[in-house]
Amino acid sequence: MENTVVKIDNLVKRYGELVALDHFSLEIKEGEVFGLLGPNGSGKTTTINCLLSLLSFDKGSIEIFGKKMTPVSYDIKKDIGIIMQNVVVSEELTVRENIDYFCGLYITDKKLRAQYVDEAIKFVGLEDFTKFYPKKLSGGLLRRLNIACGIAHKPKLIILDEPTVAVDPQSRNKILEGIQELNRSGVTIIYTSHYMEEVEQICTRIAIMDKGRKVAEGNKDELKRMIKNTETISIEVLGLGADVLAEVRALPHVYDVKYDEKVLVISCSGGKHNLIRALDTLQKHEVSFGRVYSELPTLNEVFLEITGKALRDKEE
């Protein structure tokens, strides 16, 4: 049976009249890469700050590793790694010195700490930059340093808040590969991001927040089944009569049909053989067609339908 690493129960957090968390509950099991998504102002950051006991809350409870989390739960905190969106390193220390400093907050044995620092440097691929100061690093390398500082003490739970914002593709891939490698080693991960393709790639389960509440939860396939559109079929068609269009509209599971710019777009809800039925209908009427696409909904489309909002880096 999987152990519960994080248990948030009925959490309420108010800022005056504003309810930031509205009876929010969540369970994260050992070994998960758990995606926490939500538009700006949904309560993600408040949840993380409450989880870390950086914020008090009005109602509810938080347990980590089966123990109640409090501001003085240092036995719990030593097993948590935090990599926040804003890079937090010392400009006066080199790459190695920064990692050593943060590791030293948890690991007092000098020999073991030196080993852990070496392993963290190798893990994020900063071997050639150990003597560099942060101001000499690119944005991507700075993010990697930030991650190394957060994981050097080998925590069991790692919280990553937007770790790939404004980094180059090479660094982004390195970071994502690193997260998956950490997870394979047994680490439980909480991951927030505005990049849906990243969440689809690495998260085993996902919760979507809006207005301080959990509005959806499941793996990516379960979430995709929650929305109306389950398949979009696009077919290049030179000419299409009203009678054929009417027949396509009447097909099982079809809820919307558009024909524009010589492309027939069919939106389906449910069903397994929608494409075959659509092509059979065209062939029956001897309609010539070109390229055919069948697309399943993306996580971004799920998010848009559930919250009614686009997931953005910043408020507009």
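In the predicted model examined here, helix H1 provides the largest share of the lining of the second largest cavity, contributing 3 residues. This second largest cavity encloses about 40 Å³ of space, and its lining is made up of Ile8, Leu26, Ile28, Leu36, Thr47, Ile48, Leu51 and Ile190. Two or more of these lining residues are given by each of two elements, namely strand E2, which spans 18-29, and helix H1, which spans 44-51. When the lining of the second largest cavity is sorted by class, 7 residues are nonpolar and 1 is polar, while no charged residues are found.

In total, the structure contains 2 cavities of 30 Å³ or more, and the largest cavity holds about 80 Å³ of space. The residues that line the largest cavity are Phe123, Val124, Arg144, Ile147, Leu160, Lys174, Ile175, Gly178, Ile179 and Leu182. At least two residues of this lining are supplied by each of three helices, H4 (110-124), H5 (139-151) and H6 (169-184); of the elements that border the largest cavity, H6 accounts for the largest share, with 5 residues.

With respect to class, the lining of the largest cavity comprises 7 nonpolar residues, 1 polar residue and 2 charged residues. Arg144 and Lys174, both among the lining residues of the largest cavity, are counted as charged, and Gly178, which also lines the largest cavity, is counted as polar. In the second largest cavity, Thr47 belongs to the lining and falls in the polar class.

Conventions:
Residues are numbered from 1 along each chain as its sequence is written. This is a predicted model: local features need pLDDT of at least 70, side-chain atom pairs count only at pLDDT 80 or more; totals for chains, interfaces and linings use all residues. Side-chain values use heavy atoms; hydrogens and water are left out. On a 1 Å grid over the protein atoms alone, a cavity is a set of points where a 1.4 Å probe fits but cannot get out, and a pocket is an open set with protein on both sides within 12 Å along at least five of seven lines; lining residues have an atom within 4 Å of a point. Grid points are joined across faces, edges and corners, and a volume is the space filled by probe spheres set on the points. Helices (H or I, at least four residues) and strands (E, at least two) are DSSP runs, numbered from the N terminus.
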